[in-house]
Amino acid sequence: MSTSHKLELRRRRHNRVRKRVTGTATRPRLAVFRSAKHISAQVIDDVSGKTLAAASTHETSLRAGNGGNRDAASTIGKLIGERAKAAGVTTVVFDRGGFLYHGRVASLADAARSAGLEF
């Protein structure tokens, strides 16, 4: 299976999920994106089109560690949970971005839950 075909399949899965999952001001969307080397998460209010909180392994403070493993994903989960709480967000709807809820995505979600986010 070619890389472009895998990307197209992921985009189709993400579009199917996004038909039903939208973030509001009271319950924004926690969107996750993972690449081969990095992982990032954003808390998004889709109604106003604003990002309320974000965390990524691209940040300079986190760049020194391994960006593509489960430990980095749990670090990002804790960080996005803390930043969302600071922005006044306690409940979110989880958007896995067409990725399987497994491995790094699941680690990020579990860490965000342990940081105080509810979903």
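# Exercises on a predicted model

Strand E1 (residues 29-34) runs antiparallel to strand E2 (residues 39-45), and 6 bridges join the pair. The model is predicted. Its mean pLDDT is 94, and 100% of the residues in the chain reach 70 or more.

## Exercise 1: the strands

Work out which strands E1 pairs with, and in which sense.

Solution.

Step 1. Start with E2. E1 and E2 are antiparallel, with 6 bridges. A hairpin of 4 residues leads from E1 to E2.

Step 2. Find facing residues. Arg34 lies opposite Ile39 of E2. Arg29 has Ile44 of E2 as its bridge partner.

Step 3. Turn to strand E4 (residues 93-95). E1 and E4 pair in the parallel sense, over 3 bridges. Here Leu30 is partnered by Phe94 of E4.

Result. E1 is antiparallel to E2 and parallel to E4.

## Exercise 2: the whole sheet

Put the 4 strands of the sheet in order and say which stand at the edges.

Solution.

Step 1. Add the pairing of E2 with E3. These two strands are antiparallel over 6 bridges. Gln42 stands opposite Ala54 in E3.

Step 2. Look at the hairpin of E2 and E3. It has 4 residues between the strands, and Gly49 there takes a positive phi near 75°.

Step 3. Line up the strands. The order is E3-E2-E1-E4, in an open sheet with mixed pairing. E3 and E4 are the edge strands; each has a single partner, so one side of each lacks a neighbour in the sheet. From one strand to the next, the twist averages 20°.

Step 4. Check how enclosed E2 is. Of its 7 residues, 5 are buried, so the rest of the structure largely encloses E2.

Step 5. Recall a general pattern. Side chains in a regular strand alternate between the two faces of the sheet.

## Exercise 3: two helices

Describe how helix H2 (residues 70-86) and helix H3 (residues 104-114) cross, and which residues meet.

Solution.

Step 1. Take the axes. They come within 7 Å and cross at roughly 35°. The crossing is right-handed.

Step 2. List the residues that meet. H2 brings Arg70, Ala73, Ser74, Ile76, Gly77, Lys78 and Ile80, while H3 brings Arg104, Ser107, Leu108, Ala111 and Ala112.

Step 3. Sort them by class. The contact of H2 with H3 has 6 nonpolar, 3 polar and 3 charged residues.

Step 4. Place H2 against the sheet. H2 lies across E1, E2 and E3, and runs at about 150° to E3.

## Exercise 4: the setting of H3

Explain why H3 counts as largely enclosed, and find what its buried residues pack against.

Solution.

Step 1. Use the cut-off: buried means under 20% relative accessible area.

Step 2. Apply it to H3. 8 of the 11 residues are buried, so the rest of the structure largely encloses H3.

Step 3. Name them. The buried residues are Arg104, Val105, Ala106, Ser107, Leu108, Ala109, Ala111 and Ala112.

Step 4. Find their partners. The buried residues of H3 pack against E1, E2, H2 and E4.

Step 5. Compare confidence. H3 has the highest mean, at 98, and helix H1 (residues 3-18) has the lowest, at 95.

Step 6. Move past the end of H3. Just after it, Gly116 takes a positive phi of about 115°.

## Exercise 5: one loop residue

Decide whether Thr57 is buried or exposed, and find which residues it contacts.

Solution.

Step 1. Locate Thr57. It sits in the loop between strand E3 (50-56) and H2.

Step 2. Read its area. The relative accessible area of Thr57 is 3%, so Thr57 is buried.

Step 3. List its contacts. Setting aside neighbours within four places in sequence, Thr57 is in contact with His38, Ile39, Leu62, Arg63, Gly67, Ala72 and Ile76.

Step 4. Look along the chain. Thr57 and Ala41 are 16 residues apart, and their C-alpha atoms are separated by 9.5 Å.

Note on methods. Residues numbered from 1 in each chain as written. Predicted model: local features only at pLDDT ≥ 70, side-chain atom pairs only at ≥ 80, totals over all residues. Heavy atoms only, no water. Pairing = 2+ DSSP bridges. Axes fitted to C-alpha atoms, helices over the stretch in contact; angles between N-to-C directions. Left-handed = near helix turned anticlockwise from the far one by under 90°. Contact = heavy atoms within 4.5 Å. Nonpolar A, V, L, I, M, F, W, Y, C, P; charged D, E, K, R; others polar. pLDDT = per-residue confidence, 0-100. Buried < 20%, exposed > 50% of the residue type's maximum accessible area, 1.4 Å probe, protein only.
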